[in-house]
Amino acid sequence: MIHPVLVKKQRFILGIALLLILVTMIGGMGLGYSSLSYDRLLPTLMGQGTFKEEFVLYSVRLPRILITLLAGMALALSGAILQGITRNDLADPGIIGINAGAGVAIAVFFLFFPIEAGSFVYLLPLVAFGGAVLTAFFIYVLAYSKNAGLQPVSLVLIGVGFSLALSGAMIVLISASDRTKVDFIAKWLAGNIWGTDWPFIWALLPWLVVLVPFTLYKANRLNLLGLSEPAAIGVGVSVERERIHMLLTAVALAASAVSVTGGISFIGLMAPHIAKALVGPRNQLFIPVAVLLGGWLLLFADTLGRNIIEPSGVPAGVMVSFIGAPYFVYLLLKK
Amino acid sequence: MVRLLTNDVSVGYGDVMIVKHLSVQIPDQKITTIIGSNGCGKSTLLKAITRIISHQSGSVLLDGRDISKENTKILAKKMAILPQTPEGAAGLTAGELVSYGRFPYQNGFGRLTKKDYEVIDWALEVTGTLEYKFRPVDALSGGQRQRVWIAMALAQETDIIFLDEPTTYLDMAHQLEVLELLQRLNREQQRTIIMVLHDLNQAARFADYIIALKDGEMVKAGTCAEVIVPEVLREVFQIDAVIGRDPRTNKPMCITYNLLKGEKQQHEKNIPALYAHAGSAY
């Protein structure tokens, strides 16, 4: 039923987004503390680089580029889903408390459990995931009323409340602990992409491979959930069940992304928003656009951030906030 | 035996019961209207029958099966709902909105089949909205928009259609347009229509069967000749009504009405005081 002209426009925008990603990736490969000139990129990719060139490309830059790209995609999709099920354009995994939940879980785990270097890397995403799911569960339970079901407004409000409370808890936790450990957590909170190695890519990729098609499969239901609740029930959507499925999907995506990148918000807010402004509110059309834009935004923010101040750079989360906060204010004012 | 009935149904929010032990039978292939004053539970009853809200006790039976235990998609093939002041269609075209009504027949990614397209065009055609197919719903007038929403309900191809105050916010001509459309659907396609209406005379003119509620309980149910009578209206609306006949449709209609004596006196007491106050200012 979607107009062919609109579908063409969406394809065109998808093409542009892919191009932007490609250009930023290539740009990012050549930028950084260690030099790897652009005319050496192709030979290095073909396996003819020097040891140093290959190390810089394959062990430093490429993993980081892919991680930011994938995490941005996951956050954008998560935000798109949350905006859909709460019917609130300001919903975002960060605002809804999922980031803070993952953060506290990581802080508790990092501070109180003995660390073995080998398994630590693989446990962290699981821990963050658990923290986020637990937080989402509590928010859902508190926002749920027996008669009226899940109230989108209370979901957002309680989410914001949880986010603040958990941030407070985190400060209590880290203020009483060892300096070096606090350092890691503080960087995590600022959204300093810390998981920049291939295993983290393999930890993140499966979520996207499974959940992007799953969400597109559910796109029609999300469209219907965007109507009023009685209308959605009337055409036979099991509103409560779909909301829980989609909420779980959104939590899984945000948690898996946040667990390797650290606390990054605003991507989940901005990407779906820009996508909707470009191609309209139909989930099957705007979700792919939002996913690509989200990936590009975080990649772009991180590429800028890590090159602004040498050598440590500005954390991606901070860069995103530089762009995101004014956008958020703009949205509020427009409303 | 009618297809749709409620059995001792109670609905409430928290401890407050809005609908109390209500048993009604909805006549098949007729237009049924639920009337009553504000807050009497008429919308709540409609929502309970259509599973939008759950009821605390009793049961709602459709074809002998309890709707709270029935698969919601199967129910959506049997009954469609036009909610009160529907919303959320921002950015969609009329055709797309109507295509959402095909949801109960779809699986997987929701690709529309040839049959779906035929039904969508038919629903737009019947409601006189085919020309808006590719226009955004936001850009339509209130009456046009309401007809598009009705088309969406029609696209569900159900025998039973519920409407919660379908004429709210419409001007008089558009109100009539919507009600006549519903009447045509009932007469020509034998669809059972159940709606909540505010306007007594519209209820009397279009309904075959009227259910009058007060404080969540049924005062009277029957044909309009049985329900639109001074005694019932006195009980339901606390009005003293003069009932005549519509010279065109020969249906009963409320020509004029006053508030009941007790309340009228109260108002009269207040009014002179107001005048006295105003007078002193001059």
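What share of the 282 residues of chain B count as buried? In this predicted model, the share of chain B that counts as buried is 42%.

The table gathers further computed values for chain B.

| Property of chain B | Value |
|---|---|
| Helices | 10 helices |
| Strands | 13 strands |
| Box filled by the C-alpha atoms, along the principal axes | roughly 70 × 45 × 40 Å |
| Contacts with a separation of 6 or more that join residues 24 or more positions apart | 63% |

Turning to the interior, the largest nonpolar core of the model has 181 residues, and those with the most contacts inside this core are A:Ala74, A:Leu77, A:Ala254, A:Ala290 and A:Leu293. Helix H3 of chain A, which spans residues 51-86, supplies the largest share of this core, namely 16 residues. One of the residues listed above, A:Ala254, touches A:Ala74, A:Leu75, A:Ser78, A:Pro93, A:Ile98, A:Ala132 and A:Gly268, when residues up to four places away in sequence are left out of the count.

Where chain A touches chain B, the contact draws 21 residues from chain A and 30 residues from chain B. On the side of chain A that touches chain B, the elements giving two or more residues are helix H9 (219-226) and helix H10 (229-234) of chain A. Sorted by class, this side of chain A has 11 nonpolar and 10 polar residues, whereas no charged residues are found on it.

Conventions
Residues numbered from 1 in each chain as written. Chains lettered and ligands numbered in written order. Predicted model: local features only at pLDDT ≥ 70, side-chain atom pairs only at ≥ 80, totals over all residues. Core = buried A, V, L, I, M, F, W, Y, C linked by C-beta atoms within 7 Å. Buried ≥ 20, exposed ≤ 12 C-beta atoms within 10 Å, placed from the backbone. Helix = DSSP H or I, 4+ residues; strand = E, 2+ residues; numbered from the N terminus. Contact = placed C-beta atoms within 7 Å. Nonpolar A, V, L, I, M, F, W, Y, C, P; charged D, E, K, R; others polar.
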